[in-house]
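The following paragraphs offer a guided reading of one protein chain. The sequence and the structure are shown first, and the explanation follows.

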Amino acid sequence: NTGKELRRFNGNAGAVVDLSISPDGGSLIASSGEVDYLGTPFQSYGLILWDMETGEIIYDFGNLDRDNPTVSISSACTHVLSERGDDQTQTKEELCTSYALIGSTDHNLYQWDLQTGELIKTLEGHSDLVTSLAISPDGRKALSGDGNGEVILWNLDSGEIIARFNAHSSWVTDIAFNLDGRSAFSLALDDRIIQWDLHNAA
């Protein structure tokens, strides 16, 4: 209610181009780029993960060799059976992995493990720079849009393309999943907002 500044997250080198907050509100990730002077392409690119409560850096991915104009952070959980005790009782446990997905000007998406800082996989399929992306509520799918107006639905477990949508005629500026994950919205510079049926996409 006061509008008072609560905290500053320092560490990015150059212009911050996008950020995302984890679903549990515990961490913040931001991508950035550094230029020699205005009007030139980025000379170096960075990605940093912060603790939201303390403002401290959890992980600095260092200088990356690609421009990262858009980023999203999420987690994916898998139920596994484990055996405990002398009687080898089986119980179902939930294992969750936190990761970041970044879209790049090199037309690819990159999935990073936020616990180890390692690259998990590269997703290839766009024909132009990735301009927007979103991760589904369950953390297992993603949507990304590019400069040509194409939207791609991804399976993040396999890295494969589930479906392509080609209704936009220009730069996709934003994408958002519905809360149930069964549909999503995209908007572009062609003045269109489109809702997509993802449940029946193939």
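Strands 7 and 8 form a hairpin with 5 residues between them, and in the turn Gly117 has a positive phi of about 75°. The model is a predicted one. Within the hairpin, strand 7 and strand 8 (residues 119-124) are paired in the antiparallel sense over 5 bridges. One of the facing positions is Leu109, which stands opposite Leu123 in strand 8.

How is strand 7 placed with respect to the rest of the structure? In strand 7 (residues 108-113), 6 of the 6 residues are buried, so the strand is largely enclosed by the rest of the structure. In a regular strand, side chains alternate between the two faces of the sheet. In strand 7, Asn108, Tyr110 and Trp112 point one way, while Leu109, Gln111 and Asp113 point the other way, and all are buried.

The next element to consider is an open sheet of 4 strands, with the order 9-10-11-12 and antiparallel pairing. Strand 9 (130-135) and strand 12 stand at its edges; each has a single partner strand, so one side of each is left without a neighbour in the sheet. From one strand to the next, the twist averages 20°. Strand 11 (residues 151-155) is joined to strand 12 by 5 bridges, and the two run antiparallel. Across this pairing, Val151 stands opposite Phe165 in strand 12.

A contact between distant parts of the sequence involves Ser72 and Ala134. These residues are 62 residues apart along the chain, yet their C-alpha atoms are separated by 6.3 Å. Ser72 is found in strand 5 (residues 70-84). Its relative accessibility is 10%, and because buried means under 20%, Ser72 counts as buried.

A second open sheet has 3 strands in the order 13-14-15, again with antiparallel pairing. Its edges are formed by strand 13 (172-177) and strand 15, each with a single partner strand, so that one side of each is left without a neighbour in the sheet. The twist here averages 20° from one strand to the next. Strand 14 and strand 15 run antiparallel and are joined by 5 bridges. Phe185, found in strand 14 (residues 183-188), stands opposite Gln195 in strand 15.

Is Phe185 buried or partly exposed? Phe185 has a relative accessibility of 31% and therefore counts as partly exposed. Together with Leu187 and Ile193, Phe185 makes a nonpolar surface patch of about 270 Å².

The aromatic side chains provide a further view of the fold. A pair of aromatic rings is described by the distance of the centres and the angle of the planes. How many aromatic pairs are counted? The count comes to 2 aromatic pairs. In one of them, the ring centres of Phe9 and Trp50 are 5.9 Å apart and the planes stand at 70°; because planes over 60 degrees apart count as edge-to-face, this pair is edge-to-face. Phe9 lies in the segment before strand 1 (15-21), whereas Trp50 lies in strand 3 (residues 44-51), so the pair ties together parts that are 41 residues apart in sequence. The partners also have separate accessibility classes: Phe9, at 27% relative accessibility, counts as partly exposed, whereas Trp50 is buried, with a relative accessible area of 1%.

Another aromatic pair is formed by Phe165 and Trp196; it is tilted, with 4.5 Å from centre to centre and 35° between the planes. This pair links distant parts of the chain, as Phe165 is in strand 12 (residues 160-165) and Trp196 is in strand 15 (residues 193-197), 31 residues apart. Both Phe165 and Trp196 are buried.

Two of these residues also connect the pair with the sheets described above. Strand 12, which holds Phe165, stands at an edge of the sheet with the order 9-10-11-12. Strand 15, in which Trp196 lies, stands at an edge of the sheet with the order 13-14-15. For Trp196 the relative accessible area is 11%, which is why this residue is classed as buried. Trp196 also has a spatial relation to Arg182: the two are 14 residues apart in sequence and 8.6 Å apart in space, C-alpha to C-alpha.

Notes: Residues are numbered from 1 along each chain as its sequence is written. This is a predicted model: local features need pLDDT of at least 70, side-chain atom pairs count only at pLDDT 80 or more; totals for chains, interfaces and linings use all residues. Side-chain values use heavy atoms; hydrogens and water are left out. Patches are made of residues with over 30% relative accessible area and no salt bridge: like charges are joined within 9 Å, nonpolar side chains (Val, Leu, Ile, Met, Phe, Trp, Tyr) within 5 Å. Accessible areas come from the Shrake-Rupley method with a 1.4 Å probe; for residues, only the protein chains shown count as cover. A salt bridge is a side-chain nitrogen of Lys or Arg within 4 Å of a carboxyl oxygen of Asp or Glu. Buried means under 20% relative accessible area, exposed over 50%, partly exposed in between (1.4 Å probe, protein chains only). Rings of Phe, Tyr and Trp (its six-membered ring) pair if their centres lie within 6.5 Å; planes under 30 degrees apart count as stacked, over 60 as edge-to-face and the rest as tilted. Two strands pair if DSSP finds at least two bridges between them. Axes are lines fitted to C-alpha atoms, for helices over the stretch in contact, and angles run from 0 to 180 degrees between N-to-C directions.
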